[in-house]
Amino acid sequence: MATSTTKAQAGAGRRGSSPQSGGEGAGRRRGSLLHRLDVKGAPYAFVAPFFVVFAAFSFYPLVYTSWISLHRVELATLDVMEWVAFDNYVELWNDERFWNALANTVTIGIISTVPQLLMALGLAHLLNYRMRGSLFFRVASLVPYATSVGAAALVFTMLFERDFGMINWAFGVVGLDPVDWEADKWPAQIAISTIVIWRWTGYNALLYLAAMQAIPADRYEAAALDGASRWKQFTHVTVPGIRSTIVFTIVLSTIGATQLFGEPLIFGQGPNGISGGADNQYQTLGLLLYEEGWKNYQMGRSATVAWAMFLLLVVVFVAQRLIKRARARTS
Amino acid sequence: MTTESLPVRTDAPARTPAPKPESRRSLRVFRPGAGRQHHAGPLAYILLGIVALLSIFPLYWTMVAASTDNTRVSQTPPPFLPGPNLFSNLARAWDEAAMGKAMINSTIVAGVIALSTVMFATLAGFAFAKLRFKGRNVLLMLVIGTMMVPPQLGVVPLFMMMSELGWSQQLPAVIFPTLVSAVGVFFMRQYLSEALPDELVEAGRVDGAHSLRIFWSIVLPIARPAMAVLFMITFVHAWNDFFWPFVVLDMSNPTVPVALTQLSAGYVRDQSLIMAGALLGTLPLLVMFIVFGRQIVSGIMAGAVKG
C-alpha cells in the first residue's frame, strides 16, 4: 500500500509539473483534470456493474422477501398484498410439514455432505500422487460436475428404480432383498444424497488438491525426519495444511444442502416430487418453498419459508463459529 | 461474513515464485510447486480406476438406455451394452420432448451469461487487483460476502419483479439476475494480481492512456487465458442452473434442465426417450470437458482457496 501511494504521488507530481514547465494552458489543464477524474473514478465504474446487478436482482429481493412474508399474496394477483403481520410465521411454526421439511433438509444435508467431503479428501490425496494419466483421472472425477441436476437425477432415479433398477438387480445378485427406494423414508434420502455426492465429490477433491499442492514440501520432510508415518503425515501435515479450504467447502456444501431442490424433485418424478414423496418423506425446505408458492399459490407463505431457510443458515454458521471458538479456547 | 470464516489470501502468496514472463499467458501462475509427490502405487491406481468408473458409469449407462427401447430398459438384468436405437431416440427427444428448443434456449442463456460474467468480472477484477481507490478492501469483502447469499432466498420477490417487467416465461428473466458473479470477480482478481505486473499499468499511465484504454490494450491480452476458463466454468453453471429457470420458465419456452423435468413427469413413461433427452442435454458440456478438460481442471484449482 505504502509503495503504491508514493507511486501515485510521483505520477501526480509528474502530471502536475508538466503544465508549469510547458506552460501550454487550458488544454493541458483540462487533460490533467480528466486524468485525475479517470484515475479516481474509473475503479468505481469498473466495479459498479457487479454491484448494480447484485443489488437489483439479489440484495433487493432478499430484503423484500421479509416484507412479503408479512403479507398474504396470491400467485394469481401478485399486486394485491394484504398485511397479516406475523400470521405466516405462526402458521409455519404450527405446520407439521415445515418441521418435517426442516428435519429432512438437515438429515439429507448430513447424509450427503459428510461422506462427500470425506471421500473428496481421500480422492484428493490419491490425485496428489505422481502418476501416469493424472490428467485423465482429474477430468474423469470432474465429469459428474458437468452433468446437470436434471440429467443426473433422471439417471439415478432409473438406477434406483424398484422393479427393474440396476441397484436392486445388483442387490439380488448378491442375495439382498430389493429396496423400495422411493417409498421408504431413509432409502429415499440415501438415494437423493447419492446424487448429490456423485455430482460434487470430484469438484471438492480438486479444490482440496489445489490446496494440498500449495503445502510447502519441507513440512513433509520435517515430519518424515521425525519418523512420522504416511498416515501421520496425512493427519498432521496435509489436513491442517488445507484447513481453510476444508472450512470453505463445508460452508459451500452447507449452503447447497439448505437449498436442495432439483434432486428430490426429479427423484419423485412429477407431482410426487414437489411434495417430496407421498408422505413428504423427502420433502426439503426448497420443495416446500416451491409447493407453497407455485402449487398452493401462497407467495407470502413461500417467502416465509425462504426466510426460515436463511435463518437456518445463520444458525448453522453461528453454531459453527461458537464451536470453533470453544475449541480454540480448550486447545 | 468475515475473513475468518472465508479465509482468502488477499496478499500475494509468498510461496508462489514470481511468474516467468513466458508463463504469463497460461494459468501456470496459479500453480505453486507441488507439496508432495510420492509415486502412486498399484493400490492408488486401482482406487482411482474405481472412482473414474463410478464417475463415468452413470453417463455411459445413460447412453446405453438411450440406445435401446423402452421394453429392453425395463428388463432384468438391465442392459449393459448399447442397442441400435441411439439416433432415432435422440431425434425423438429433440422433436417430441421440446429438447430442440431447450438446447437453443440454453445455448443463448448460458452464452450471454458467460460472456457478460467474463466481461464484468475482468473489469472488476482488474480494479480490485491493480487500481487504488477508497473502500477497495471493504468492497472486495462485500463481493466475497455475496457468495454466501443463496439466490433461492429471493425467489419470490424476483418472480414478482419479472412478472411486473413482463419477463415471465421469457429468457431475460433467467439471464438478467445472473449477469455477474462474485466467484468470477474474485477469480479474475486473483489471476490479475499475480499475472499483471504493476509496471505495465504504470507504463500505460505514463504514456497518458486512460483507464479503459489500459484495460483494453494491456489487461485484456494478459487476462485472456483466465477469461477463457471463467467463460467455460460459467457456461457450465448457467447451462445446469435449475431452480430459478424451473420457477420462472414453462414448458413452452424451457431451458434444458426444465425440459428434462417434463420428460420424467410425463404420464407415458418412455425410459429410453427420457435417457435420450438426458444425454442430449449433457452432450455439449461433455464435449467441452473432453476438449478443454485440462483448462477447466486448472481453472477450478486456480479458483480454489489455498491454505
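**Helix α5 of chain A and its neighbours**

α5(A) is mostly covered, with 10 of its 13 residues buried. The model is a predicted one.

Reader: Which residues of α5(A) are the buried ones?

Author: They are Phe137(A), Arg138(A), Val139(A), Ala140(A), Ser141(A), Leu142(A), Val143(A), Pro144(A), Tyr145(A) and Ala146(A). A residue is called buried if 20 or more other C-beta atoms lie within 10 Å of its own, so each of these ten names passes that cut-off.

Reader: What covers the buried residues of α5(A)?

Author: Helices from both chains do. From chain A the cover includes α4 (96-127), α6 (149-159) and α8 (185-212), and from chain B it includes α1 (42-67), α10 (211-240) and α13.

Reader: How do you know that the reach of α5(A) is close to the expected one?

Author: Set the two values side by side. Helix α5 (residues 134-146) of chain A has 13 residues and reaches 19 Å from its first C-alpha to its last, while 18 Å is expected at 1.5 Å a residue.

Reader: Why are α5(A) and α13(B) called oblique to each other?

Author: Their axes cross at roughly 130°. Angles over 145 degrees count as roughly antiparallel and 65 to 115 as roughly perpendicular. The crossing of α5(A) and α13(B) fits neither of these, so the pair is oblique. The axes come within 10 Å, and α5(A) passes α13(B) in a right-handed crossing.

Reader: Which residues meet there, in α5(A) and in α13(B)?

Author: On the α5(A) side they are Leu135(A), Arg138(A), Val139(A), Leu142(A), Val143(A) and Ala146(A). They meet Leu285(B), Leu286(B), Phe289(B), Gly293(B), Arg294(B), Ile296(B) and Val297(B) in α13(B). By class, this contact has 10 nonpolar, 1 polar and 2 charged residues.

Reader: And what makes α4(A) oblique to α8(A)?

Author: The angle again: α4(A) and α8(A) pack at about 40°, with their axes 6 Å apart. Roughly parallel needs an angle under 35 degrees, and roughly perpendicular starts at 65, so α4(A) is oblique to α8(A). α4(A) passes α8(A) in a right-handed crossing. The residues of their contact divide into 19 nonpolar, 9 polar and no charged.

Reader: How many residues does each chain put into the contact between chain A and chain B?

Author: Chain B puts in 95 residues and chain A 90 residues. Helix α13 (residues 271-302) gives the most to the chain B side, with 14 residues. By class, that side of chain B has 64 nonpolar, 24 polar and 7 charged residues.

Terms used: Residues are numbered from 1 along each chain as its sequence is written. Chains are lettered from A and ligands numbered from 1 in the order in which they are written. This is a predicted model: local features need pLDDT of at least 70, side-chain atom pairs count only at pLDDT 80 or more; totals for chains, interfaces and linings use all residues. Two residues are in contact if their C-beta atoms, placed from the backbone, lie within 7 Å. Helices (H or I, at least four residues) and strands (E, at least two) are DSSP runs, numbered from the N terminus. Ala, Val, Leu, Ile, Met, Phe, Trp, Tyr, Cys and Pro count as nonpolar, Asp, Glu, Lys and Arg as charged, and the others, Gly among them, as polar. The expected span of a helix is 1.5 Å times one less than its number of residues. A residue is buried if 20 or more other C-beta atoms lie within 10 Å of its own, exposed if 12 or fewer, and partly exposed in between; C-beta atoms are placed from the backbone. Axes are lines fitted to C-alpha atoms, for helices over the stretch in contact, and angles run from 0 to 180 degrees between N-to-C directions. A crossing is left-handed if the near helix is turned anticlockwise from the far one by less than a right angle, and right-handed if clockwise.
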